[in-house]
Amino acid sequence: GYEVSRSGISVETSLNYLSVPIMAKYAFVDNGNLQVTGQAGPYVGVLLSAEAGGSDVSDNTSSLDFGGQVGVGAAYKVGPGSLKLDVRAGFGFTDVSDGSGNQSATNQVLPSATVGYAFSL
């Protein structure tokens with residue numbers, strides 16, 4: 001979401017998108033016990049809800065969001081699987097605001113981290 005202030009009045013807008021990334025992964029290091037990867041790719045997001053000041057503003061918000069994500073990751077073999085850590089950031093390309101005035105807004109995903117244990121079934 002974002003916050004707009006005009007004439008001393010602030011209105012906070014909350015946007016919720018379901019985003020689906022398509023990531024390519026490249027292993028920089030892969031020695032059997034340790035794997036270090038870089039990841040990059042586009043994403044598409046579908047608007048689930050949009051509220052400003054308690055009112056629905058989905059009609060004034062882009063229903064689709066396109067952008068890209070980049071990240072790094074590491075996996076270390078532990079037992080039958082691997083302990084994994086991934087860190088990603090995303091950058092929106094679509095102006096998701098209603099386009100009124102001289103303002104625009106794009107989605108930005110702050111760095112997010114994933115920690116997990118992966119094993120083959």
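**Strand pairing, core and cavity**

Student: Which residue in β8 stands opposite Phe-91 in this predicted model?

Tutor: β7 and β8 run antiparallel, and nine bridges join them. In this ladder, the residue of β8 that stands opposite Phe-91 is Gln-108.

Student: How many of the 11 residues of strand β8 are buried?

Tutor: Buried here means under 20% relative accessible area. Strand β8 covers residues 108-118 and lies largely in the open, because the number of its residues that pass this cut-off is zero.

Student: Which residue of β7 is the bridge partner of Gly-68?

Tutor: β6 and β7 pair in the antiparallel sense over 12 bridges. On the other side, Gly-68 in β6 is the bridge partner of Pro-42. In β7, the partner of Gly-68 is Phe-91.

Student: How many bridges pair β4 with β6?

Tutor: The Pro-42 and Gly-68 pair already places a bridge partner in β6. β4 and β6 pair in the antiparallel sense, and the number of bridges is 13.

Student: What is the phi of Gly-79 in the hairpin of β6 and β7?

Tutor: The two strands of this hairpin pair in the antiparallel sense. The hairpin has two residues between the strands, and Gly-79 takes a positive phi near 65 degrees.

Student: Is Gly-67 buried or exposed?

Tutor: Gly-67 lies in strand β6 and stands opposite Gly-92 in β7. Leaving aside neighbours within four places in sequence, Gly-67 is in contact with Gly-41, Pro-42, Tyr-43, Phe-91, Gly-92 and Phe-93. The relative accessible area of Gly-67 is 2%, which is under the 20% cut-off, so Gly-67 is buried.

Student: How far apart in space are Gly-67 and Gly-38, C-alpha to C-alpha?

Tutor: Gly-67 belongs to β6. Gly-67 and Gly-38 are 29 residues apart in sequence, and their C-alpha to C-alpha distance is 18 Å.

Student: Which element gives the most residues to the largest nonpolar core?

Tutor: The largest nonpolar core has eight residues: Leu-15, Tyr-17, Leu-47, Ala-50, Ala-52, Val-57, Val-96 and Ala-105. The elements that give two or more of them are β2 (9-21) and β4 (34-52). The most come from one element, with three residues, and that element is β4.

Student: Which two members of the largest nonpolar core does Ala-50 touch?

Tutor: Residues up to four places away in sequence are not counted here. Ala-50 then touches Ser-14, Leu-15, Ser-55, Asp-56, Val-57, Ser-58 and Thr-61. Setting these contacts against the core members gives Leu-15 and Val-57.

Student: What is the volume of the largest cavity?

Tutor: The structure holds one cavity of 30 Å³ or more. The volume of the largest cavity is about 50 Å³.

Student: Which strands each supply at least two residues of the lining of the largest cavity?

Tutor: The residues that line the largest cavity are Lys-25, Gln-35, Thr-37, Gly-73, Ala-74, Ala-75, Lys-84, Leu-85 and Asp-86. By class, this lining has three nonpolar, three polar and three charged residues. The strands that each supply at least two residues are β4, β6 (64-78) and β7 (81-92).

How values were computed: Residues numbered from 1 in each chain as written. Predicted model: local features only at pLDDT ≥ 70, side-chain atom pairs only at ≥ 80, totals over all residues. Heavy atoms only, no water. Core = buried A, V, L, I, M, F, W, Y, C linked by side-chain atoms within 4.5 Å. Buried < 20%, exposed > 50% of the residue type's maximum accessible area, 1.4 Å probe, protein only. Helix = DSSP H or I, 4+ residues; strand = E, 2+ residues; numbered from the N terminus. Contact = heavy atoms within 4.5 Å. 1 Å grid on protein atoms, 1.4 Å probe; cavity = no way out; pocket = protein on both sides within 12 Å on 5 of 7 lines; lining within 4 Å. Points joined across faces, edges and corners; volume = space filled by probe spheres on them. Nonpolar A, V, L, I, M, F, W, Y, C, P; charged D, E, K, R; others polar. Pairing = 2+ DSSP bridges.
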